[in-house]
Amino acid sequence: MICLCNGKDLIQRRDGTKYKKVILTIPGAAIADTVMGCGSTTGRNMDKAEKFGIELESIF
């Protein structure tokens, strides 16, 4: 499983060309259900990190 994250502003530009940085992760099996749930849910009207109990960190 590979996960590509681009932040909440991706809603404005779905092709990702607005941003110069993205995050590519390879999540472990222990969080597979969370990753699949987050990836199959839109964040347009909700905070997916809150819904799925994901703790966010600033890395940039």
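Is glycine 37 buried or exposed, and what is its relative accessibility? In this predicted model, glycine 37 has a relative accessibility of 15% and therefore counts as buried, since buried means under 20% relative accessible area. The paragraphs below begin with the chain as a whole and then return to this residue and its surroundings.

The secondary structure consists of 2 helices and 2 strands. Followed along the sequence, these elements appear in the pattern β-β-α-α. The chain has 60 residues, and 18% of them count as buried. Its accessible surface amounts to about 5100 Å², with 56% of that area belonging to carbon and sulfur atoms. As for how the chain meets itself, consider the contacts with a separation of 6 or more: residues 24 or more positions apart account for 39% of these.

Attention may now turn to the helices. Helix α1 spans residues 32-39, and its buried residues are Ala32, Val35, Gly37 and Cys38. Part of what covers these buried residues is helix α2, which comprises residues 48-52. Glycine 37 thus has its place in helix α1. A distance relates glycine 37 to another point of the chain: its C-alpha atom is separated by 7.7 Å from that of phenylalanine 52, although the two residues are 15 residues apart along the chain. The residue number of phenylalanine 52 falls within the range of helix α2, 48-52.

Between the two helices runs a loop, and threonine 41 lies in this loop. Threonine 41 has a relative accessibility of 18% and so counts as buried, the limit for that term being 20%. The side chain of threonine 41 reaches back to helix α1, where glycine 37 is placed: the distance to the backbone oxygen of glycine 37 is 2.6 Å. Threonine 41 also has partners further along the sequence. When neighbours within four places in sequence are left aside, threonine 41 is in contact with Met46, Lys48 and Phe52. Phe52 therefore appears in two relations, as a contact of threonine 41 and as the residue whose C-alpha atom is 7.7 Å from that of glycine 37, while buried status for threonine 41 rests on its 18% relative accessibility.

The final part of the chain offers a contrasting case. Isoleucine 59 is located in the segment after α2. With a relative accessible area of 55%, isoleucine 59 is exposed, because that term applies over 50%. Isoleucine 59 and isoleucine 23 are 36 residues apart in sequence, and their C-alpha atoms are 9.7 Å apart in space.

Methods. Residues are numbered from 1 along each chain as its sequence is written. This is a predicted model: local features need pLDDT of at least 70, side-chain atom pairs count only at pLDDT 80 or more; totals for chains, interfaces and linings use all residues. Side-chain values use heavy atoms; hydrogens and water are left out. Buried means under 20% relative accessible area, exposed over 50%, partly exposed in between (1.4 Å probe, protein chains only). Helices (H or I, at least four residues) and strands (E, at least two) are DSSP runs, numbered from the N terminus. Contact means heavy atoms within 4.5 Å. A polar contact is a pair of N or O atoms within 3.5 Å; within protein, one must be able to donate a hydrogen and the other to accept it, and residues adjacent in sequence count only if both atoms are side-chain atoms. Accessible areas come from the Shrake-Rupley method with a 1.4 Å probe; for residues, only the protein chains shown count as cover.
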